[in-house]
Amino acid sequence: MDRQNTTRENYQTFMWFLLAAERGNAYAQFNLGLLYKKDRDYDQAFTWLRQAAQQGLAFAQNHLGSMYYHGRGVARNDAEAARWFRHAAEQGEASAQQNLGLMYRKGKGVEQNHEQALAWFYRAAEQGSASAQTLLAECYLAGQGAPVSYEQAMSWFRKAALQSDAVAQLNLGLMYKRGQGVEASDEQALCWFRQAAAQGNPMAQRHVGVAYADGVGVRADPLRAVAWLQRAAEQGDKDAQFNLGVMLANGQGAEQDEHRALRWYARAAEQGHVLAQYNLGSMYANGRGTARDEYRALEWYRRAAEQGAANAQFNLGVIYASGQGVPRDDGQAAHWYRSAAEQGDASAQNNLGVMYANGHGVPQDDAMAVYWYTQAAEQGHALAQYNLGGMYNSGRGVARDAVRSYMWMLLAADAGDETANANKAIVARRLTPAEIGSALDQSRQWLIAHAGKGGRGAP
């Protein structure tokens, strides 16, 4: 211990502990070890804590286990950590019981065993340890080591929350929000979120911010929403960073500032937030909050696309099909359109149909074109409806059917497609009045069955 960094009183305390420790006093050895640990002299801390632990002092055994676990003053060794935690836990030391439970839960130094983890958490929780009570509640909530029990989870979270455990308060809020074991209550959820947020819990701060933004459980207040989201965002909460970016981009709760929005999207995107990655790509693509940069747009769209974001996959398809900032590559375009189309993205389904119809990036295949046009058309995609009508009109990939063609042209025109509106009369010339009536009836039935998916009303 560096005498220059201690007061005279602290140095005298150190000397008394040293004298007693050298005479074999376990409590002095333990306290001396803590002084060295506080001073970050881990080699000396380990030496004295081990001597106290070997004399059976539970506190020292728990601290020694921690040093083995973190590799401080000794090589990291999970098995030794678990052994010393067990020595202390069996003497009733609550912190060691919790630590041993964590070792069983993670399978570190011992074989993973959720039942054993729960048992040790329970012993510590019964002694009033708020953190152990929270861990025990998490076991019941997740069904680890015991069947799922919202009642038990709520009970233990509440005990810990009343001891001001922020994680327990957060989880109580989530249970009220989700209606797990209790009647759902946005007001009760917000009450517990606020308590955890006041202690600096970033996830709770984000939930408070979102509640004020959306007016859930409280009157909407964009200014407070931004304030709470900012607190959480500054602590690295990626969802808060994304939400803050959205509010700044839209001028909600603060003056619109796309440059600041871009910075928050970037911080969330770097942490893997897929919507932030997509929004960041969009801002670079459109020059919002920054200079237009096709290469960065491509990079962020790709990151989002690789995480399965259909809108980013579609945009990548457009970029490769048109050669925006990259050499045109129909194969890559078809690949990304397919990825989005298989997730139900109607625009991607239509574009993939176009690629099959024209043989761009994929073998020319009218039947596959009809398949993908149909998938998009059934979702109310106007251009796909027009394209599908064209396939029925010419008999490509499907039996020629002028009535079916006219039906899809009517739907496309009703959904706002100008080309369909101009061309539907051409198809109608080939139909009898009865066939036109049939097509009109089919289009009305389709609109009724697909209410809300497209179209503005029956033709």
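**Exercise 1.** Is Gly 251 buried, partly exposed or exposed? Place Gly 251 in the chain as well.

*Solution.* The model is a predicted one.
- Step 1. Gly 251 belongs to the loop between helix H14 (238-250) and helix H15 (258-270).
- Step 2. Its relative accessibility is 33%. The cut-offs are under 20% for buried and over 50% for exposed. Gly 251 therefore counts as partly exposed.

**Exercise 2.** What C-alpha separations are found for Gly 251 and Ala 261, and for Leu 440 and Arg 430?

*Solution.*
- Step 1. Gly 251 and Ala 261 are 10 residues apart along the chain, and their C-alpha atoms are separated by 9.8 Å.
- Step 2. Leu 440 and Arg 430 are also 10 residues apart along the chain, with 15 Å between their C-alpha atoms.
- Step 3. For the setting, Leu 440 is located in helix H25. Leu 440 has a relative accessible area of 22% and is partly exposed.

**Exercise 3.** Arg 40 and Ser 164 have a positive phi although neither is a glycine. Find the loop and the exposure of each residue.

*Solution.*
- Step 1. The background is that most residues other than glycine have a negative phi.
- Step 2. For Arg 40, phi is about 60°. Arg 40 sits in the loop between helix H2 (26-38) and helix H3 (42-54). With 68% relative accessibility, Arg 40 counts as exposed.
- Step 3. For Ser 164, phi is about 70°. The loop here runs between helix H9 (150-161) and helix H10 (166-178). Ser 164 is partly exposed, at a relative accessible area of 42%.

**Exercise 4.** Describe the surroundings of Gln 61, starting from helix H4.

*Solution.*
- Step 1. Gln 61 is part of helix H4, residues 58-70.
- Step 2. A relative accessible area of 5% makes Gln 61 buried.
- Step 3. Leaving aside neighbours within four places in sequence, the residues in contact with Gln 61 are Ala 53, Gly 56, Trp 84, His 87, Ala 88 and Gln 91.
- Step 4. With Ala 53 there is a polar contact: the side chain of Gln 61 reaches the backbone oxygen of Ala 53 at 3.2 Å.

**Exercise 5.** Which residues of helix H24 are buried, and which are exposed on the other side? Identify the packing partners and the N-terminal cap too.

*Solution.*
- Step 1. Helix H24 spans residues 418-428, and Ala 420, Val 427 and Ala 428 are buried in it. These residues cover an arc of only 85° around the axis, so they lie on the same side of H24.
- Step 2. Glu 418 and Ala 422, on the other side of H24, are exposed.
- Step 3. The buried residues of H24 pack against helix H22 (382-394), helix H23 (402-414) and helix H25 (433-449).
- Step 4. The cap at the N-terminal end of H24 is Asp 417, with a side-chain oxygen 3.2 Å from the backbone nitrogen of Thr 419.

**Exercise 6.** How many aromatic pairs does the structure hold? Classify the pair of Tyr 278 and Tyr 301, then that of Tyr 371 and Trp 372.

*Solution.*
- Step 1. There are nine aromatic pairs.
- Step 2. Tyr 278 and Tyr 301 are 5.6 Å apart centre to centre, with 40° between the planes, and the pair is tilted. Tyr 278 lies in helix H16 (residues 274-286) and Tyr 301 in helix H17 (residues 294-306), so the pair ties together parts that are 23 residues apart in sequence. Tyr 278 is buried at a relative accessible area of 19%, and Tyr 301 is buried at 5%.
- Step 3. Tyr 371 and Trp 372 form an edge-to-face pair, 4.9 Å centre to centre and 80° between the planes. Tyr 371 counts as partly exposed at 40% relative accessibility, whereas Trp 372 counts as buried at 6%.

**Exercise 7.** Which residue lies over the face of Trp 156, and which has its charged end over the ring of Trp 300?

*Solution.*
- Step 1. Over the face of Trp 156 lies Lys 159, at 4.1 Å from the ring centre.
- Step 2. Over the ring of Trp 300 sits the charged end of Arg 303, 4.2 Å from the centre.

**Exercise 8.** What is the count of disulfides? Give the exposure of Cys 139 and Cys 191 too.

*Solution.*
- Step 1. With a cut-off of 2.5 Å between cysteine sulfur atoms, the count is zero disulfides.
- Step 2. Cys 139 counts as buried at 1% relative accessibility, while Cys 191 is partly exposed at a relative accessible area of 33%.

Methods. Residues numbered from 1 in each chain as written. Heavy atoms only, no water. Helix = DSSP H or I, 4+ residues; strand = E, 2+ residues; numbered from the N terminus. Buried < 20%, exposed > 50% of the residue type's maximum accessible area, 1.4 Å probe, protein only. Polar contact = N/O pair within 3.5 Å; in protein donor to acceptor, adjacent residues only side chain to side chain. Contact = heavy atoms within 4.5 Å. Arc of directions from axis to C-beta. Phe/Tyr/Trp six-rings, centres within 6.5 Å; stacked < 30°, edge-to-face > 60°. Lys NZ or Arg CZ within 6 Å of the ring centre and 35° of its normal.
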